[in-house]
Amino acid sequence: MISFIYFILFIIFLYKWYFNATSKARKRLPPSPAKLPVIGNLFQLGLRPHRSLKELSERYGPLMMLHLGSVPALIVSSADAVREIVKNQDLIFSSRPKLSVMHRIVYGSKDIAFARYGDHWRQVRSIGVLQLLSNKRVQSYRHIREEETSLMIEKIRNSSSSSMSEVNLSNLLVSLTNGIISRVVLGRKYDGGEESENFELMLKEIGELLVTFNPGDYVPWLNWINRVSGFDARLEKVAKSFDEFLTRVVEEHRSRKQGNTDRDGSSDEVDFVDILLEIQRENSSSYPIETDTIKALIFDMFGAGTDTTYTALEWTMAELLRHPKIMEKLQNEVRSVAGSKLEVTEEDLEKNKMPYLKAVIKESLRLHPPFPLLLPRELTQDTTLMGYEVAAGTRVMINAWAIGRDPILWENPEEFHPERFLDSEIDFKGFNFEFIPFGVGRRGCPGITFAIGVDELALAKLMHKFNFATQKDLDMTEAPGHSVHVKFPLLVNPIPHLASN
Ligand code: HEM
């Protein structure tokens with residue numbers, strides 16, 4: 001009898017083994033590293049996931065399946081795989097997963113960046129692309145970029161003339177981009193005073209919550225940890241304060257339109273809130289725009305626009321400080337175009353008059369894309385990608401950082417060598433899959449013209465006005481976070497360049 005039971009168990013084992021083996025063979029899944037119970041591969045991400053994922057992909061291949069808790073995640077680390085997604089399957093790779101912090105802050109993902117693919121996203125994306133971030137609109141804010149960059153130069157000049165001539169350039173770049181985005185989006189800056197302090201504190205708190213590991217996003221039954229740890233309470237508090245702030249901004253704009261009040265210290269130009277309220281009033285689109293959506297879009301412009309734009313500039317300056325010859329070549333270009341003019345203007349940057357400056361910014365974005373893993377996507381249908389089967393609901397992370405350093409695609413990929421972009425057609429608009437700092441396809445960044453407008457002008461002015469002492473041993477450690485910036489602030493010793501001051 002016992003041997004009969006063993007026999008039956010043996011048959012069951014064989015059957016299970018055969019079934020598993022054949023279903024795995026039938027389903028060719030992307031390779032995966034071994035995982036632990038409950039947390040899956042989360043322990044392998046580390047503080048700088050783009051780096052750990054690059055290392056893993058060198059072992060497991062450019063399409064690799066991880067399990068982040070109970071979330072299956074496809075990691076894409078080659079330009080060929082990105083090409084296959086964008087050219088043949090972009091639609092089903094164009095949704096976003098629900099991330100609890102963002103979902104709460106942006107009114108249930110009513111913004112552009114975190115909305116799921118569908119009618120709402122199409123509506124807000126088209127408002128973003130056609131009304132807020134079009135070339136014409138970006139052009140109309142030229143004077144804001146020129147004024148704010150001049151203000152930054154003035155601040156550097158003032159601090160460099162004092163005895164303590166070390167200047168915290170990182171801080172100045174943050175306030176430059178915050179200032180420009182605040183004026184463009186809200187119509188005025190929030191600097192100085194209690195209101196501005198609160199505004200900055202809220203943005204900081206949201207940033208911190210975003211980088212805090214949130215177990216419930218990966219293992220839903222661990223959601224209780226957020227309640228116990230106080231995370232949920234912090235999130236509620238900041239979401240409420242931010243909502244109160246945005247409600248005030250919207251109401252001020254509404255009553256100004258009705259002629260009830262004057263805007264405090266600002267000009268009469270049209271800002272993004274005015275444009276969004278006008279769209280709401282006209283109700284011209286097929287899809288009425290709610291006030292919560294307007295507030296979510298305002299948040300997006302700060303969330304997606306400030307950190308990235310300043311981070312790109314910060315890395316560019318860090319690389320230039322380490323490479324004095326490249327900095328000198330760039331200064332020569334800028335100074336020869338701007339000549340003895342008092343200020344570089346956007347005209348000086350037109351018609352490719354400063355090709356080296358553009359090459360320097362591209363090279364910095366290749367080595368240091370501010371969102372190294374872009375923003376996460378979610379697959380909406382089962383599919384086959386490069387021979388592997390991937391199931392609907394899988395999270396998709398594209399390692400733009402690894403692709404920008406792929407030795408098959410780039411010669412001496414770790415070297416900062418802007419010349420590689422001179423006489424090259426490679427651009428960051430999403431058509432060259434080896435260079436995708438702004439993402440690709442339908443979900444690619446709509447703020448490229450805005451960001452590059454700020455970064456080019458600010459860099460040109462810095463190069464025109466100052467010489468900087470070299471820092472060959474500058475610490476280039478990356479700070480952990482979604483957008484990756486230099487861990488330690490850039491402290492520089494600017495010396496005014498006499499001929500242009
Ligand atoms: C150097 C600066 C910037 C970089 C490197 C950058 C990069 C990116 C990346 C990688 C994405 C995700 C793309 C994808 O999933 O394929 C993105 C999305 C987005 N960016 Fe930017 N960005 C920058 C500046 C800006 C600015 C200035 C704005 C607006 C003022 C902006 C608005 C957005 C929005 C709204 C999205 C979401 C698009 C969608 O999901 O449909 N970005 N950006």
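This is a short tour of a predicted model, with one selection at each stop.

**Stop 1: the ligand**

Start by selecting the ligand and the residues around it. The shell there is made of 27 residues, and Gly305, Thr308, Gly439, Cys445 and Gly447 are the closest. Now colour the elements that give two or more residues to this shell: helix H5 (119–132), helix H13 (291–322) and helix H17 (448–465). Which element gives the most to the shell? It is H13, with 7 residues. If you colour the shell by class, you will find 17 nonpolar, 7 polar and 3 charged residues.

**Stop 2: Cys445**

Stay with the ligand and pick out Cys445, one of the closest residues. Cys445 sits in the loop between helix H16 (400–403) and H17. In the UniProt record, an unreviewed entry, the annotation "binding site" covers Cys445. Is Cys445 buried or exposed? Cys445 is buried, because 23 other C-beta atoms lie within 10 Å, and 20 or more count as buried. Leaving aside residues up to four places away in sequence, Cys445 touches Phe438 and Gly439. Gly439 is also listed among the closest residues to the ligand.

**Stop 3: helix H2**

Next, select residues 49–60, which form helix H2. What span should the 12 residues of H2 have? At 1.5 Å a residue the expected value is 16 Å, and the end C-alpha atoms are 16 Å apart, so the two agree.

Show the side chains of Pro49, His50, Leu53, Leu56 and Ser57, which are the buried residues of H2. Turn the view until you look down the axis of H2: the buried residues fall within an arc of 125 degrees, so they line one face of the helix. An α-helix has 3.6 residues a turn, so residues three or four places apart point the same way.

Now rotate to the face turned away from that buried side, where you will meet the exposed residues Glu55, Glu58 and Arg59. What covers the buried residues of H2? The cover includes strand S1 (63–68), strand S2 (71–76) and H16. H16 is also the helix before the loop that holds Cys445. Before leaving, click on Gly61, which follows H2 and has a positive phi near 110 degrees.

**Stop 4: two residues with positive phi**

Go to Ser109, in the loop between helix H4 (100–105) and H5. Ser109 is not a glycine, yet its phi is positive, near 55 degrees. Ser109 is buried, because 21 other C-beta atoms lie within 10 Å.

Then jump to Met386, in the loop between strand S5 (383–385) and strand S6 (388–390). Met386 is not a glycine either, and its phi is positive at about 50 degrees. How exposed is Met386? With 15 other C-beta atoms within 10 Å, Met386 is partly exposed.

**Stop 5: Asp232**

Finish at Asp232, in helix H11 (residues 231–257). Asp232 is partly exposed, because there are 18 other C-beta atoms within 10 Å, and a residue needs 20 or more to be called buried. Leaving out residues up to four places away in sequence, Asp232 touches Asn226 and Arg227. For a last look across the model, select Val484 as well: Asp232 and Val484 are 252 residues apart along the chain, and their C-alpha atoms are separated by 25 Å.

Notes
Residues numbered from 1 in each chain as written. Predicted model: local features only at pLDDT ≥ 70, side-chain atom pairs only at ≥ 80, totals over all residues. Near = placed C-beta within 6 Å. Helix = DSSP H or I, 4+ residues; strand = E, 2+ residues; numbered from the N terminus. Nonpolar A, V, L, I, M, F, W, Y, C, P; charged D, E, K, R; others polar. Buried ≥ 20, exposed ≤ 12 C-beta atoms within 10 Å, placed from the backbone. Contact = placed C-beta atoms within 7 Å. UniProt positions renumbered as here; feature names shortened; annotations may be inferred. Expected span 1.5 Å × (residues − 1). Arc of directions from axis to C-beta.
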